[in-house]
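Please open the model in your viewer and keep the selection panel to hand. The tour below goes from one selection to the next, with a short account of what is found at each stop.

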Amino acid sequence: MSGHVYPIDRGFYEALRGSAPSWQKVSRTIVPAGRGYGCRVLAGQTVRLEMLERAQIIDLDVFSADEPDVYLHAPTQLYLEGGRVTVGTRLWSTPPRTRPLATVIEDRIARRDSTGMLRDHKCYGAHCNPHQWLLFAGRLPRTCYDNLSEGCRMVGLSPARIHDNLNLYMKSALDPATGRHLNVTSDAGPGDFIEFYAEMDILLVLSLCPYGDGSVVPEDWATTDVLTSPVAVEITETGVKPAPWSHAPSSAGATA
Amino acid sequence: VLGPEGAVITVRAGDLVSLTLEAGPQVVLVHAWSTADPREHIWCNETSSLEDCFLVEGSRLWSTMPWFRTMLTVVEDRVVQGPEPGRHHFVLDGWETPVVWSAEGGDPAIPSAWDRFASLLRRHDADPRTHRDHVALFRKVAIDPSSQRIAFPLSDARACDRVVLYAELDLQLALVPSPFQGGGRPARELDGGVLPVRVETWATGVEPIGWPYSGLPYPDIQPYLSTLEASS
């Protein structure tokens, strides 16, 4: 029943990718390991998140730049797209005017192992916080909650606006039989990247998670060093305007 | 008995909230926030990470940062699991929005669950924007292992089945019956009506276990609270 209510115009995105030779780089920023970051991406631009040293879990919040009350809505995302995030996945905003904020146009992992149920990138699970690190590790690194707060401040948002995020480069699945969150080490390596096309002006807020590449389980955080890595954030102007979103809300309370 | 518009109920720490199906499968969507500070509400995604995405007896519902503590605990679940696939009481819920209802073929004149929450919260002077998601009691959800897409077949819950929650804090609970009723039917076949659910609260006289749990580390949350207050 879910996931197919708004067919995606794949031809539009194929043409977009085909126009890549004419794109113009706007900026490239190296986010230091273990830190947060925030930036604005204009409609029609792409933003690429690139692994530099090894895989690095990225917690990603997305807001409408013009209306921060409009942001990535994790439940709608799970319902419309499923738990995975990969090429063709659209990032859906909060009700009542649910619409795509951005679309994944590239997801390059050179040595992807797709034999099991688990894959890199998921749309659920939220972010680590001081409580969990103190509980599992007995110490307090800069957690994703801290980093997302930092990123929010960089784009002029209150940390109160932190919302449930994408977990990129977290190789995961929900176990259908138990509902358990299954996590293993990411498949990604240096040079791998995921790239989003902004369907409207958006604010990105991200955290380079102290969980690193996911290779050390929380129960071992206290006894094993967790390596974290920097990530490059590259914004590019495509010159291609997003297609208009024509699916207006129509239910009884949408205008309430 | 819950009407289609739902209800907000107030419970004290140590109270039980019992939800009993009176006529058959009916999904009940539950949002809760602290009476002391409405900014503290259920954090479904982190609850799912800690407790799995299907609630069972003993599952705790955790609150948002910076408090991050247990708000409610499931102390009884009478639903008998039916045939695979799927499990009950989904935590990562909150997608019954106007656009989804409409896109699934629902009558535009019928308010979606999200609309019902918004109206309900406004009537109780609560900010609808604090309702970001909720847990779905009695909802059966099947997760496709390959695609990780979700489906919601008809719930296995039957009349007289119930779920009982223990309040760990003084809370307000917003309860909305889903217009999808027990699931398994497309929105275009539904008229917005819901099956009756009896809601009862009981004072147990049993004080919750103190929080933070004895012997467990707990960070100083005052700096985080100060940041939130400064930025608001």
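Begin with the enclosed spaces of this predicted model, where the largest cavity has a volume of about 60 Å³. To see its walls, select Tyr71(A), Leu72(A), His73(A), Ala74(A), Pro75(A), His163(A) and Asp164(A) together with Arg132(B) and Asp133(B), which line this cavity. Coloured by class, the lining of the largest cavity divides into 4 nonpolar, 2 polar and 3 charged residues.

Keep Ala74(A) and Pro75(A) selected, for these residues also belong to the lining of the second largest cavity, and add Leu78(A), Cys123(A), Tyr124(A), Asn45(B), Leu92(B) and Asp93(B) to complete that lining. The volume of the second largest cavity is about 40 Å³, and the total by the rule applied here is 2 cavities of 30 Å³ or more. Show the ribbon as well: helix H2 (74–81) of chain A and strand S6 (87–93) of chain B each supply at least two residues of the lining of the second largest cavity, with H2(A) giving the most, 3 residues. By class, this second lining holds 6 nonpolar, 1 polar and 1 charged residues.

Next, colour the chains separately and turn to the contact between them, which takes 58 residues from chain A and 57 residues from chain B. The two chains bury about 5,000 Å² between them, and 59% of this lies on carbon and sulfur atoms. On the side of chain B, select Arg132(B), Gln148(B) and Arg149(B), which lose the most area to chain A and together make up 14% of what that side buries. Arg132(B) is a residue already met, in the lining of the largest cavity.

For the polar side of the interface, select Arg180(A) and Asp52(B), whose side chains meet in a salt bridge at 3.2 Å, N to O. The count of salt bridges between the chains is 2, while 23 residue pairs, both at pLDDT 80 or more, are found in polar contact across the interface. The elements of chain B that give two or more residues to the side touching chain A are helix H1 (44–51), S6, helix H2 (98–103), helix H3 (113–123) and helix H4 (222–231). Of these, H2(B) gives the most to that side, with 6 residues, and the side as a whole has 33 nonpolar, 12 polar and 12 charged residues.

Which residues lie closest to the centre of the largest pocket? About 1,100 Å³ of space lies in this pocket, and of the 44 residues that line it, Tyr71(A), Ala160(A), Arg129(B), Thr130(B) and Arg132(B) are the closest to its centre. H3 and H4 of chain B each supply at least two residues of the lining, and the largest share, 3 residues, comes from H3(B). The classes here are 20 nonpolar, 12 polar and 12 charged residues.

The last stop is the second largest pocket, which has a volume of about 550 Å³. Select Met170(A), Asn183(A), Tyr211(A), Pro218(A) and Ser49(B), the residues nearest its centre among the 25 that line this pocket. On the ribbon, helix H3 (130–136), strand S8 (166–174) and strand S9 (181–184) of chain A, together with H1 of chain B, each supply at least two residues of the lining. Coloured by class, the lining of this second pocket shows 12 nonpolar, 7 polar and 6 charged residues.

How values were computed: Residues numbered from 1 in each chain as written. Chains lettered and ligands numbered in written order. Predicted model: local features only at pLDDT ≥ 70, side-chain atom pairs only at ≥ 80, totals over all residues. Heavy atoms only, no water. 1 Å grid on protein atoms, 1.4 Å probe; cavity = no way out; pocket = protein on both sides within 12 Å on 5 of 7 lines; lining within 4 Å. Points joined across faces, edges and corners; volume = space filled by probe spheres on them. Nonpolar A, V, L, I, M, F, W, Y, C, P; charged D, E, K, R; others polar. Helix = DSSP H or I, 4+ residues; strand = E, 2+ residues; numbered from the N terminus. Contact = heavy atoms within 4.5 Å. Buried area = accessible area lost by both parts, 1.4 Å probe. Salt bridge = Lys/Arg side-chain N within 4 Å of Asp/Glu carboxyl O. Polar contact = N/O pair within 3.5 Å; in protein donor to acceptor, adjacent residues only side chain to side chain.
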